[in-house]
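Grab a pencil and open the structure viewer. Below are some short exercises, each with a worked solution.

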Amino acid sequence: MNIVENFDLFAPRLINKKELLSPGHRACSGCGEVLAVRLMCKALGENTVIASATGCMEIISSMFPTTAWEVPWIHVAFENAASVASGIEAGLKALRKKGKIDDRYVKVVGMGGDGATMDIGFQALSGAMERGHDMIYVCFDNEAYMNTGIQRSSGTPMGASTTTAPAGKVSMGQKTWKKNMPEIMVAHGIPYVATACPSYPLDFIRKMEKAKSIKGPSYIHCFSMCPTGWRSPSHTAISMGRLAVETGAFPLYEVENGHYHLSSEMPKKFKPIKDYFKPQGRFRHLTADEIEMIQERVNIEYKKLVEKAKYLKI
Amino acid sequence: MGKRIGMEVAVAVAEAVGLCNIDMAAVYPITPQSHIAEHLSDLVADGRIDAEFVTVESEHSAMSAVIGASGTGARSYTATSSQGLMYMHELLPIASAMRLPICMAIANRAVSGPLNILNDHTDIMPQRDSGWISIFVENGQEAIDMSIMSFKIAEHKDVMLPVNVNIDGFQLTHMVEPFEMPTQEEVNQFLPPFVPHATLHPSKPVTMGAFAMSDYFAEIMKAKDEALKNSKKVILDVWNEWGKLFGRKYQPVETYKIEDADVLMLTMGSMGETAQIAIDELRAKGVKAGLVKLRLWRPFPLAEIKAVLKNAKKLIVTDRAISFGGPGGPVFSEVKSALYAEAKRPLIYNYIYGLGGRDMAVKDFTGMFEKVLADTTNQEADTYEFWGVRE
Amino acid sequence: MALKTWKELPIGCVVSEPGSASEYHTGSWRSQRPVWNDTKCIKCGICYVYCPEGCIQQSEDGFFQANLDYCKGCGICAHECWPHAISMVEEG
């Protein structure tokens, strides 16, 4: 598939030109996560307040006394971005109602990495979503605790080697399946859940814009390529995200009020998972049998998703 | 002047906070704070106060949510106790470093383990160094007054720090007491609108909670320490103003019959009232006993403490918490440290008492005095002892 | 920039200059730079969209270039440019 088809040739004309995350941030060279954050800001626009969890994006963007942010932004701790966002939403609502601030509609966004979202911040996120706050939560999933040095999280995929679940003579690395966070969010019965990846910028931006338009809680799970933690060359970051989608390892879909829809970016026929594993150092140790075992799981998971999309259509 | 009414203290605290035009409250239920949370939610449900009430899934999220709300410029309130306060612990120094004037009631309760729901001060003591203004109250009236005043202190432009008001769990929160509740008009006149130092709003984008390395961290800590120390002036001004308006004047350190006293006792919180009766009994017997009540825990009123304590011969510092394996109870350590440089200072005795809701009668306090006065060789000074523990 | 004293710090360390991180030039991290061949460029803007720094800009003539004050030399733009109009050149 020619990638350019998705851009209608003139991508810059289709997206908000305003940069709301300034250069000078300290993200690693080729960081797919900071690209995702940059694109998210473009989709959200200026009338946004962001609450960020501790993590790569927090550290690299807010080196006191400077900031890369051009939207209001707050960082409090690791596990509470969703609760902080819920408080911001409540505060702004009260102040607007009492006429203490101007009447413009401001979207509140919580953001965190896979560790901040799926592990330590799981409860706070569940609470905020359940309470029905008018907010978006975006999980930037780079599949391990990258900021602290590539330790495994519940978002780390089966077979990946990390610094706390390393591959060794008697270990294949991560021995558990990646937690299906988007499905857990769907189970909260919130109006909108979507998966996205910055390798598909227009799809990601469209989903962010949709989440922005919804009154109530929404959740975006954004696959965020990490050349440092995945041990892949920085220039391949975008293609790595594309391979995750093209092999079915990270399917792109959205769930609107419980109805599933597979994104048009999903290919009719998948590439084998080994094509995605091969360029990444974190998977290099895997044997053919182990890859086959993972391939089977990918096939089954995708089949389940297709079935849901068939029976729970939008 | 407000009406004189009888009411449960926890309910009255919620009523008082309801007079303060709060914009947002986030609370998680925990005994014995729950009645504050429940009554606040009643006030919101009945439309008596116009605020967002966020029923968070934990105390950690309660503090997180009020930090977020306060960051937008909303007057924000929470209340907790014991394990809930311990769960919030991580966020307390962040709230103060961000200089967010959050107000919080703490219904003081013992910290596990073992689980115990009754009163002592083991929950607040580990929060001592979190950079909050910390006030202890002795009775229901004071709980109401301090709750209202806490907003004015916290939000003062020269302060901008969070405040916790410590109300002994059950022993105060669940008592029905008579008190004077200020009227809405009186509170409106007393409490100006909250003018935040910065807000999370797109009209002026700011970054809060930026990351600081070794080149800035020490300066940031110093600035926070100075802010907390300097808050004392505002605290005194606000308490004085309250005294003029309502006739109830508060001091960082209250004294009772200390002028000619040879032996003094120092208490914090609701036990002061029982200790005061003990003083009267001892005086009737001819013992020159006096009482000092410490109301302001942070910023620590160093000068006031020195002034009232240094001339006594003996001093009993009572603690409702223990620093395990340390030099004594936390109040004892601080008072002793405050007096260290004085040429003339009392012998100091420390009793750890009333843990996990253990009852303290007047005779317990008179017993402490008797024991200290009987120590003619001064062997027991400068050490600590658990009072009333079965041997 | 001189470091502030504790007295000069803003209350709560609030940073009130949006985008001030741009004072820091990450271009010094770079070991290779992207060079555009405008004869091959079709002005599609993929390079601009995919730049993690947001430092690729379109000039008035419609062609693109990277702000080398910030470009970290990751090579994403060159890798993703389908007409192969960008090449990565070693820094001297």
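Where is the place of Cys13(C) in chain C? Keep in mind that this is a predicted model.

**Exercise 1. Place Cys13(C) and describe its backbone and surroundings.**

Start with the location: Cys13(C) sits in the segment before β1 (32–36) of chain C. Next, check the backbone, where phi of Cys13(C) is near 55°, a positive value in a residue other than glycine. Most residues other than glycine have a negative phi. Last, count neighbours: 23 other C-beta atoms lie within 10 Å, so Cys13(C) is buried.

**Exercise 2. Do the same for Ile150(A): which loop holds it, and is it buried or exposed?**

Ile150(A) lies in the loop between β4 and β5 (167–168) of chain A. Its phi is positive, about 65°, although Ile150(A) is not a glycine. The cut-off for a buried residue is 20 or more other C-beta atoms within 10 Å. Ile150(A) has 24 C-beta neighbours inside 10 Å, so it counts as buried.

**Exercise 3. Find the cis peptide bonds that precede Pro32(B) and Pro114(B).**

Take Pro32(B) to begin with. The bond from Thr31(B) to Pro32(B) is cis, with omega near 0°, and Pro32(B) belongs to the loop between β2 and α2 (34–45) of chain B. Now move to Pro114(B): Gly113(B) and Pro114(B) are joined by a cis peptide bond with omega about 5°. Pro114(B) is in the loop between β5 (103–108) and β6 of chain B.

**Exercise 4. Work out how strand β6 (residues 133–136) of chain B is oriented and what it pairs with.**

Step one is the side chains. Ile133(B) and Ile135(B) point one way, Ser134(B) and Phe136(B) point the other way, and all are buried.

Step two is the parallel neighbour: four bridges link β6(B) to strand β7 (residues 163–168) of chain B, with Ser134(B) partnered by Asn164(B). Add helix α6 (residues 140–155) of chain B, and β6(B), α6 and β7(B) make a right-handed β-α-β unit.

Step three is the antiparallel neighbour, strand β13 (residues 296–298) of chain B, which pairs with β6(B) over two bridges. Here Ile135(B) has Leu296(B) as its bridge partner.

**Exercise 5. Check the length of helix α9 (residues 271–284) of chain B and find which residues are buried.**

The helix has 14 residues and reaches 20 Å from first C-alpha to last, close to the 20 Å expected at 1.5 Å a residue. Buried in α9(B) are Met271(B), Gly272(B), Ala275(B), Ala278(B), Ile279(B) and Leu282(B). They cover an arc of only 110° around the axis, which puts them on the same side of α9(B). That fits the general rule: an α-helix has 3.6 residues a turn, so residues three or four places apart point the same way. The elements they pack against include β10 (253–256), β11 (263–267) and α12 (362–374) of chain B. After the helix comes Gly286(B), with a positive phi near 95°.

**Exercise 6. How many residues does each of chain B and chain A bring to their contact?**

Chain B brings 39 residues and chain A brings 42. On the chain B side, α3(B) gives the largest share, 10 residues. By class, that side has 21 nonpolar, 13 polar and five charged residues. Strand pairing also links the chains: strand β2 (residues 73–75) of chain A runs parallel to β9(B), over two bridges. In this pair, Trp73(A) has Thr207(B) as its bridge partner.

Key:
Residues are numbered from 1 along each chain as its sequence is written. Chains are lettered from A and ligands numbered from 1 in the order in which they are written. This is a predicted model: local features need pLDDT of at least 70, side-chain atom pairs count only at pLDDT 80 or more; totals for chains, interfaces and linings use all residues. A residue is buried if 20 or more other C-beta atoms lie within 10 Å of its own, exposed if 12 or fewer, and partly exposed in between; C-beta atoms are placed from the backbone. Two strands pair if DSSP finds at least two bridges between them. A crossover is right-handed if, with the strands pointing away from the viewer, the path from the first strand over the helix to the second runs clockwise. Two residues are in contact if their C-beta atoms, placed from the backbone, lie within 7 Å. Ala, Val, Leu, Ile, Met, Phe, Trp, Tyr, Cys and Pro count as nonpolar, Asp, Glu, Lys and Arg as charged, and the others, Gly among them, as polar. The expected span of a helix is 1.5 Å times one less than its number of residues. The arc is that of the directions from the helix axis to the C-beta atoms.
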